[in-house]
Each structure stands twice: as C-alpha cells, then as structure tokens.
Amino acid sequence: MNNWLLFRISAATIVAGLALTGCSGSGGSPNASGSPSTAPGTSAPPLSHTPTRSNSPAPTADAPAGTRPPTTPAPLGTPPLGSWSLQPMWPFATLAQAQAWQRAYRSGGHQPWHLDPEQTALSFTRGYLGFEEIGRVSSRTVSGRHARIGVARTGSGGGAAAVLHLVRYGTGPDAPWEVVGSDDTTFSLTTPAYGSLVRSPMVTGGRITGVDENIRVQVRQPSSAAPLGTSPCCTAAGGTDQPWRVPVSFTGARDLVLTVVAVTGGHIADVERFTVTAVRTR
C-alpha cells in the first residue's frame with residue numbers, strides 16, 4: 001500500500017513538471033508564435049499633443065495698403081524684396097532674372113532704366129498694363145529700398161491715377177526696381193488677398209468712392225502680352241467708401257505671380273483710376 005502511494009505521487013510530480021516546461025516556450029516568449037504584441041513600425045501614441053503654430057509673416061508697413069501677406073510659412077534667409085510678404089509683379093518674375101539683368105548692366109550698361117523708379121513705374125503702366133494714356137509722374141517718394149511713384153494721365157493736371165509701390169529687387173547699389181503693388185485710397189482691391197493662391201474663376205472686390213463709376217478687372221502675367229482674363233464690361237459702382245465685387249475668369253497662367261488690376265473711368269478717360277494686387281498660382 002505504501003509503495004503504491006509513493007508511485008502515484010512520483011507520477012503526478014513528473015506530469016506537473018512537463019506541463020510547466022511546455023508553457024514556458026523557447027526563450028520565454030509570452031505566446032506560442034514568439035511574435036511581439038505590437039505590430040512592427042508602430043509605437044504608442046504620445047501622452048499629449050501640442051498643435052503647431054502658423055509661421056506666416058505679420059503685415060508690415062511696407063506691404064501694399066489694403067493687402068495682407070500669404071499664409072505660407074516664411075523660408076529662412078534674407079528676402080530679396082526686403083520682406084517675404086512682398087511679391088514680384090513686374091518687370092522681373094524671379095530673382096534670377098533680376099540678377100541676370102544686373103550682370104548685363106555691369107558688363108555693358110544694358111537697360112539702365114531699371115535703376116530709375118519713375119521709368120520703371122511708367123513702363124509698368126504703359127508697357128505691361130497697356131494704359132498708354134498713363135504716362136506722367138505726378139509724385140515721387142523714395143526711402144531706402146522703397147519708392148512710391150504716383151502716375152497720371154499725360155497732359156492732365158489732375159492727381160494720380162494710382163500710387164505704385166516699388167522695391168529694390170536683390171542686393172547691391174545697382175539692384176533694379178520692382179513693382180510690388182499699389183497704395184490705395186479712394187479705390188482699393190482687397191479681394192483676393194495680396195499674395196494669396198488663386199484659381200479661375202476668381203472673385204475680386206474692394207471699396208470705392210466716386211460717382212457713376214464703371215469697374216472692369218484684368219488678370220495679367222509678365223510672360224504674356226495679352227491679358228489672361230478680363231471681366232465683362234462694366235460693373236457700376238459709386239458712393240462713399242462703398243464695396244464693389246467683380247468675378248473674372250482666366251486661362252494660361254504659367255508664371256508664379258499674377259497681377260490683378262481693377263480700373264474705373266468713363267467720365268473723361270477710359271482709365272481714370274486703377275489699383276493692382278499680386279496673387280500666386282502655386
């Protein structure tokens with residue numbers, strides 16, 4: 001009887017030991033396959049998340065009146081126009097083009113009018129915008145890298161049709177002048193926002209003071225002689241600081257920066273006042 005009990009106790013001990021060995025597996029892995037409990041390439045989520053802040057530049061005193069800068073993050077380095085919010089409208093579409101002119105000017109005096117803000121402003125109105133009647137400088141203010149040039153109708157004694165904002169593009173005493181916008185008072189173009197990304201069709205608008213005004217809008221780019229789009233003529237407007245709104249469609253945009261120009265006139269000339277803003281295609 002005692003031998004039989006000893007035999008049963010020994011057998012139970014052996015079975016229990018085998019069961020424990022089978023549960024431990026190879027290398028102590030917690031499951032039969034040996035695979036980790038978390039999928040490869042993943043990690044636990046962080047305990048907290050801090051949202052990123054926008055790095056868009058704040059409006060500055062040098063930005064054209066009635067406009068605001070784009071909302072894209074500002075790159076590092078020195079901005080070629082003195083501020084990342086300013087956009088190159090004309091005559092140079094890129095800094096590389098402005099630098100190429102500098103080299104040509106230094107070697108052979110090529111197109112010296114780029115060093116004159118007045119000539120650059122008039123070339124913008126007559127050569128780029130096609131306003132042949134706007135051929136007179138009515139005012140001039142130059143301060144450091146910035147210039148404000150009033151342009152008016154040739155032969156008229158009236159005030160400026162627009163005050164253009166120009167900035168030296170690049171570095172050095174021979175950096176050329178570049179039109180970046182207009183300083184607006186009684187006729188403004190605030191939609192789309194200055195420097196914003198646009199697609200066609202586009203809604204334009206702003207505010208105007210006047211009587212029996214007729215507004216039309218064009219979209220232009222430096223690499224094209226003809227406008228990319230023109231609004232139907234014309235949108236009636238008037239009053240004191242009243243809003244205006246004009247839709248316009250355009251095609252063929254390939255330059256990075258486009259010029260949107262709004263014009264009013266019809267009393268004594270087709271172009272009596274105008275305002276411009278810069279927008280981006282990408």
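# A walk through a predicted fold

In the hairpin that joins β1 and β2, two residues sit between the strands, and Gly144 has a positive phi near 65°. That turn is a good place to start reading this structure, which is a predicted model.

## The sheet around the hairpin

Strand β1 covers residues 134-143, and its pairing with β2 is antiparallel, with eight bridges between them. One place to look is Val142, which stands opposite Ala147 in β2. On to the next strand: β2 also runs antiparallel to β3 (residues 162-168), and six bridges join these two. Here Ala147 turns up again, standing opposite Leu166 in β3. If you would like a reminder of the chemistry, strands of a sheet pair through backbone hydrogen bonds, either parallel or antiparallel.

How many strands form this open sheet, and in what order? There are four, arranged as β1-β2-β3-β4 with antiparallel pairing. The edges are β1 and β4, each of which pairs on one side only. On average, neighbouring strands of this sheet are turned by 30° against each other, direction ignored.

Helix α3 packs on the sheet and touches β1, β2, β3 and β4, while its direction makes about 140° with that of β1. Strand β2, which spans residues 146-153, is mostly covered, with six of its eight residues buried.

## Helix α3 and its ends

Let us follow α3 from its beginning. Asp116 caps the N-terminal end of this helix: one of its side-chain oxygens lies 2.9 Å from the backbone nitrogen of Glu118. Which residues of α3 are buried? They are Pro117, Thr120, Ala121, Leu122, Phe124, Thr125 and Tyr128. When you look at such a list, it helps to know that an α-helix has 3.6 residues a turn, so residues three or four places apart point the same way. Just after α3, Gly130 takes a positive phi of about 80°.

## Rings that meet

Now for the aromatic side chains. The whole structure holds seven aromatic pairs. Two of them are set out below.

| Aromatic pair | Centre to centre | Angle between planes | Kind |
|---|---|---|---|
| Trp90 and Phe124 | 6.1 Å | 55° | tilted |
| Phe187 and Trp244 | 5.9 Å | 50° | tilted |

The pair of Trp90 and Phe124 links distant parts of the chain: Trp90 belongs to the loop between α1 (2-24) and α2 (95-108), Phe124 belongs to helix α3 (residues 117-128), and the two are 34 residues apart. Trp90 and Phe124 are both buried. They also belong to a wider group, since ring pairs link Trp90, Trp113, Phe124 and Tyr128 into a cluster.

The pair of Phe187 and Trp244 also links distant parts of the chain, with 57 residues separating the two. Phe187 is in the loop between β4 (177-183) and β5 (202-220), and Trp244 is in strand β7 (residues 235-248). Are these two rings buried or exposed? Phe187 has a relative accessibility of 4%, so it counts as buried, and Trp244 is buried too, with a relative accessible area of 6%.

## One disulfide

The structure holds one disulfide. Which cysteines form it? They are Cys233 and Cys234, with their sulfur atoms 1.7 Å apart. As background, a disulfide is a covalent bond between the sulfur atoms of two cysteines. The torsion about the S-S bond of Cys233 and Cys234 is about -40°, so this disulfide is left-handed. Cys233 is exposed, at a relative accessible area of 63%, whereas Cys234 counts as partly exposed because its relative accessibility is 31%.

## A buried threonine

Our last stop is Thr281, in the segment after β9 (273-280). Is Thr281 buried or exposed? Its relative accessible area is 14%, and the cut-off for buried is under 20%, so Thr281 is buried. The side chain of Thr281 makes a polar contact with the side chain of Arg282, at 3.4 Å. Beyond its neighbours within four places in sequence, Thr281 is in contact with Leu197, Arg199, Ala253, Asp255, Leu256 and Leu258.

How values were computed: Residues numbered from 1 in each chain as written. Predicted model: local features only at pLDDT ≥ 70, side-chain atom pairs only at ≥ 80, totals over all residues. Heavy atoms only, no water. Disulfide = S-S within 2.5 Å. Buried < 20%, exposed > 50% of the residue type's maximum accessible area, 1.4 Å probe, protein only. Phe/Tyr/Trp six-rings, centres within 6.5 Å; stacked < 30°, edge-to-face > 60°. Pairing = 2+ DSSP bridges. Polar contact = N/O pair within 3.5 Å; in protein donor to acceptor, adjacent residues only side chain to side chain. Contact = heavy atoms within 4.5 Å. Axes fitted to C-alpha atoms, helices over the stretch in contact; angles between N-to-C directions.
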